[in-house]
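Please work through the following exercises with the sequence and the model at hand. Each task is followed by a solution that proceeds step by step.

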Amino acid sequence: MDAAEVQHDGSSPSKKVKSNPNALNSLRDHTVVVADTGKINDIQKFQPQDATTNPSLILEAAKLPEYQALIDDAIQKGIKAYQVSKQPVQKQPKRTNSRKKKDEPENQEIVEPEIPQFNFNTLNPEEQKSVIGLITDQLSVNFGLEILKLVPGYVSTEVDARLSYDKQATIDKAKRIILLYEQAGISKERILIKIASTWEGIQAAKALKKEGIQCNMTLIFNYHQALACAQAGVRLISPFVGRILDWFTKNKSGEDYSKQNHPGVKLVTSIWNSFKKFKYDTIVMAASLRLVDEATELCGCDRMTIPIKLLNDLQSLEGTVLEPKLRLENLEKLNIEKVNVDEKTYRWEMNQDAMGTEKLNEGIRKFAQDLETLENVIKQKLTQNNQ
């Protein structure tokens, strides 16, 4: 890639779709556009640079008939992985003499152990849970593999949200996801492991970076939470613009939250300004976008992960030319204090931020609930297959 094709955050620009000028194409001139969907057809239509998935999006896509082959494949591979894990390790007999014995047959065939027939209904609850976990990991990767055929950049694949407060379990799950991608021929350089931005999650991402595994820290609702991610050296953060507005309109109604007064827009702007001023390498990707004004007011942000409805809305605004609102030249006018965020600072600042604390925990619960719903769909399939 030519140097001219690389943006200041180290990312490559979105694909430019040759068509009539509209707000979406204009946005692409200043911001990398990422598709927030698990549906392959939508990605084909909008040709984003990257794509993100989560249990909620995969659950929605998994209900559609066109994706049943991905589910069936995940079930087959998950079952096989479980069966292989239960096979005893075959030890080769030791020889006291390295020379071939006189009566030893030529070209002796090594017999692989026979894998017993699988019956999900005969497994105990813990064994069933293990099988379903292997299948859901594979299903997330299957969707990611299909998406990677269509995008030139990253795909984000999420770690089980129920592990959000367990550093080591998050690391182990991330490594398993990367292993599944590598077994399919995909380099870890194209994958972002998506982790909830708890303190434990941030420390897991810091450890994973040392092993060359990059992360997308999701569910960002607080300035100090974002700084903790940047200071841990993570690749990318996802502040949730729309969900921030949800909290303020519910808890502090009657205020003007349009355009520059939008609390989600204000948070992302302050994070972006700080990251650029202090030269943090972490990419800022605005997420949970729903309104055209949210996208236009954050034009110039490193990335935006945009749902399909909003992509359609932006594309329909023909003749619209956007100017970046987030600009490096504006940094000279800003007086920003540099703050180092350790664990005590992180926990105190989150404690002081009712919105940040409530929305982080709510987001973790919602992703966990959708994953459990997906697991129940898979369990039902497995139970019916063995009847």
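**Exercise 1.** Determine where alanine 35 is placed in this predicted model, whether alanine 35 is buried or exposed, and which residues alanine 35 touches.

*Solution.* Begin with the secondary structure, where alanine 35 has its place in strand E1. Next, take the relative accessible area, which is 1% for alanine 35 and lies under the 20% cut-off, so alanine 35 is buried. Then list the contacts, leaving out residues up to four places away in sequence: alanine 35 touches Ile43, Pro48, Asp50, Ala51, Thr52, Thr305 and Ile306. Finally, compare sequence and space for one chosen pair, since alanine 35 and valine 155 stand 120 residues apart in sequence, while their C-alpha atoms are 9.7 Å apart.

**Exercise 2.** Describe the surroundings of aspartate 50, including the polar contact made by the side chain of aspartate 50.

*Solution.* Aspartate 50 belongs to strand E2, which covers residues 50-52. The relative accessibility of aspartate 50 is 3%, and because this is under 20%, the residue counts as buried. The side chains of aspartate 50 and arginine 303 are joined by a polar contact of 2.7 Å. When residues up to four places away in sequence are not counted, aspartate 50 touches Val32, Val33, Val34, Ala35, Val151, Gly153, Tyr154 and Arg303, and Ala35 is the residue treated in the preceding exercise, where Asp50 appears among the contacts of alanine 35.

**Exercise 3.** How many cavities of 30 Å³ or more are there, and which residues line the second largest cavity?

*Solution.* A general remark helps at the outset: rolling a probe the size of a water molecule over the atoms shows where empty space is left. The count for this model comes to two cavities of 30 Å³ or more.

- The largest cavity holds about 60 Å³ of space. Its lining consists of 13 residues, of which Val159, Ala161, Ser164, Ile195 and Ala196 are the closest to the centre. By class, this lining divides into seven nonpolar, three polar and three charged residues.
- Strands E4 (191-196) and E5 (214-220) each supply at least two residues of the lining of the largest cavity, and E4 gives the most, with three residues.
- The second largest cavity has a volume of about 40 Å³. Its lining is made up of Val34, Asp50, Ala51, Thr52, Tyr154, Ser156, Leu192, Leu236, Met285 and Arg303. Strand E2 gives the most to this lining, with three residues, and the classes are six nonpolar, two polar and two charged.

Connecting this result with Exercise 2, one finds that Asp50 and Arg303, whose side chains share the polar contact, both appear in the lining of the second largest cavity.

**Exercise 4.** For helices H3 and H7, establish how many residues are buried and what covers them.

*Solution.* Helix H3 spans residues 55-62 and is mostly covered, with seven of its eight residues buried; these are Pro55, Ser56, Leu57, Ile58, Leu59, Ala61 and Ala62. The cover over the buried residues of H3 includes strands E1 (32-36), E2 and E3 (155-158), together with helices H4 (68-85), H5 (125-148) and H14 (354-385). At the start of H3, a side-chain oxygen of asparagine 54 comes to within 2.9 Å of the backbone nitrogen of serine 56.

Helix H7, residues 199-209, is likewise mostly covered, with eight of its eleven residues buried. The buried residues are Trp199, Glu200, Gly201, Ile202, Gln203, Ala204, Ala205 and Leu208, and what covers them includes helices H6 (167-183), H8 (223-231) and H13 (343-352), along with strands E4 and E5.

**Exercise 5.** Where does leucine 360 lie, and which residues are in contact with leucine 360?

*Solution.* Leucine 360 lies in helix H14, and with a relative accessibility of 4% leucine 360 counts as buried. Leaving aside neighbours within four places in sequence, the contacts of leucine 360 are Ser197, Thr198, Leu219, Phe221, Gln225, Tyr346 and Met350. For phenylalanine 221, which is 139 residues away along the chain, the C-alpha separation from leucine 360 is 6.9 Å.

**Exercise 6.** Place these local results within the protein chain as a whole.

*Solution.* The chain contains 14 helices and eight strands, and buried residues make up 52% of its 387 residues. Among contacts between residues at least 6 apart in sequence, 69% join residues at least 24 apart.

Terms used. Residues are numbered from 1 along each chain as its sequence is written. This is a predicted model: local features need pLDDT of at least 70, side-chain atom pairs count only at pLDDT 80 or more; totals for chains, interfaces and linings use all residues. Side-chain values use heavy atoms; hydrogens and water are left out. Helices (H or I, at least four residues) and strands (E, at least two) are DSSP runs, numbered from the N terminus. Buried means under 20% relative accessible area, exposed over 50%, partly exposed in between (1.4 Å probe, protein chains only). A polar contact is a pair of N or O atoms within 3.5 Å; within protein, one must be able to donate a hydrogen and the other to accept it, and residues adjacent in sequence count only if both atoms are side-chain atoms. Contact means heavy atoms within 4.5 Å. On a 1 Å grid over the protein atoms alone, a cavity is a set of points where a 1.4 Å probe fits but cannot get out, and a pocket is an open set with protein on both sides within 12 Å along at least five of seven lines; lining residues have an atom within 4 Å of a point. Grid points are joined across faces, edges and corners, and a volume is the space filled by probe spheres set on the points. Ala, Val, Leu, Ile, Met, Phe, Trp, Tyr, Cys and Pro count as nonpolar, Asp, Glu, Lys and Arg as charged, and the others, Gly among them, as polar.
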